[in-house]
Amino acid sequence: MGLLNAVRDIKTMRQVLTDAEAEARRAGEDLPAPEHLLVAATGLSEGSARRAFARVGADPDALRQAIEQAHGSALASVGITTSDSAPLDGGQLGPATGVFRATPQAQQVWQQAVTLSKPARPPGIRGAHVVAAVCSLTQGTAVRALVAMGVDPAALRRAALVEGGLDDAPQ
């Protein structure tokens, strides 16, 4: 049974990391950041990330738009309008090649998600673990996007821990 879990974990990891990279490149960014991991987690077919959003009454399909708005607001705060820069959804870099690379904050989120998955029951990494890890952040685009959606990151983290099989995990 351990081998089947390992194979499933590898497939899930590959899917999240590949989708996060594609999401970043779609937005014209070279490296995936936590918000790209968050979007990728909500796209997993196992559904735990989406269920965590549902538990707090949030629509994960609104996440991408909230991220784009958070980026636009950040640019505006330093005097750059989105018309002055590349369109937020028009960067569309080509597919990445080679070894997966990410921002340091995304690497931290991913490591925390993997750590959260180890004591989970049933075992295995799930999208909810990524959501919980992102929600442990105190700053950044992902946090600003969640808040803009009316989501309390602490409440979403608790919901994600439940969906990730960690009902009694430390908050």
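**Entry 1: salt bridges**

A salt bridge, for my purposes, is a side-chain nitrogen of Lys or Arg within 4 Å of a carboxyl oxygen of Asp or Glu. I am working with a predicted model, so I keep that in mind as I go. My search of the whole structure turned up six salt bridges.

I started with Glu23 and Arg26. Their side chains form a salt bridge, with N to O at 3.1 Å. That fits the cut-off, because 3.1 Å is within 4 Å. Where do Glu23 and Arg26 sit relative to each other in helix H1? They are three residues apart in H1, which spans residues 2-26, so about one helical turn separates them. I also checked burial, and both Glu23 and Arg26 are buried.

Next I followed Glu23 to another partner. The side chain of Arg64 meets that of Glu23 in a salt bridge, at 2.7 Å from N to O. Arg64 belongs to helix H4 (residues 63-77) and Glu23 to helix H1, so this pair ties together parts that lie 41 residues apart in sequence. Are these two partners buried or exposed, or something in between? Arg64 counts as partly exposed because its relative accessibility is 36%. Glu23 has a relative accessible area of 8%, so I noted it as buried.

**Entry 2: a bridge between H3 and H8**

I then looked up Arg51, which forms a salt bridge with Glu163; their closest N and O atoms are 2.7 Å apart. Which parts of the chain does this pair link? Arg51 is in helix H3 (residues 48-55) and Glu163 is in helix H8 (residues 153-163), distant parts of the chain that are 112 residues apart. Arg51 has 37% relative accessibility and therefore counts as partly exposed. Glu163 is buried, because its relative accessible area is 14% and the limit for buried is under 20%.

Back to the bridges that share partners: they join Glu23, Arg26, Arg64 and Glu68 into one network.

**Entry 3: Ala33 in its loop**

I moved on to Ala33, in the loop between H1 and helix H2 (34-42). With a relative accessible area of 8%, Ala33 is buried. What does Ala33 contact, leaving aside its neighbours within four places in sequence? I found Thr103 and Ala106. Ala33 and Ala106 are 73 residues apart along the chain, yet their C-alpha atoms are separated by 4.8 Å.

**Entry 4: how H1 meets H2**

I checked the axes of H1 and H2, which come within 8 Å and cross at roughly 125 degrees. That makes H1 oblique to H2. The crossing of H1 past H2 is right-handed. On the H1 side, the residues that meet H2 are Val16, Leu17, Asp19, Ala20, Glu23 and Ala24. On the H2 side I listed His36, Leu37, Val39 and Ala40. Sorted by class, this contact has seven nonpolar residues, one polar and two charged. I met Glu23 again here, after seeing it bridge to Arg26 and to Arg64.

**Entry 5: how H3 meets H6**

My last look was at H3 and helix H6 (residues 127-135), which pack at an angle of about 55 degrees with their axes 6 Å apart. H3 is therefore oblique to H6. Which residues make the contact? From H3, I noted Ser48, Ala49 and Phe53, which meet Gly127, Ala128 and Val131 of H6. This contact has four nonpolar residues, two polar ones and no charged ones.

How values were computed:
Residues are numbered from 1 along each chain as its sequence is written. This is a predicted model: local features need pLDDT of at least 70, side-chain atom pairs count only at pLDDT 80 or more; totals for chains, interfaces and linings use all residues. Side-chain values use heavy atoms; hydrogens and water are left out. Helices (H or I, at least four residues) and strands (E, at least two) are DSSP runs, numbered from the N terminus. Buried means under 20% relative accessible area, exposed over 50%, partly exposed in between (1.4 Å probe, protein chains only). Contact means heavy atoms within 4.5 Å. Axes are lines fitted to C-alpha atoms, for helices over the stretch in contact, and angles run from 0 to 180 degrees between N-to-C directions. Angles under 35 degrees count as roughly parallel, over 145 as roughly antiparallel, 65 to 115 as roughly perpendicular and the rest as oblique. A crossing is left-handed if the near helix is turned anticlockwise from the far one by less than a right angle, and right-handed if clockwise. Ala, Val, Leu, Ile, Met, Phe, Trp, Tyr, Cys and Pro count as nonpolar, Asp, Glu, Lys and Arg as charged, and the others, Gly among them, as polar.
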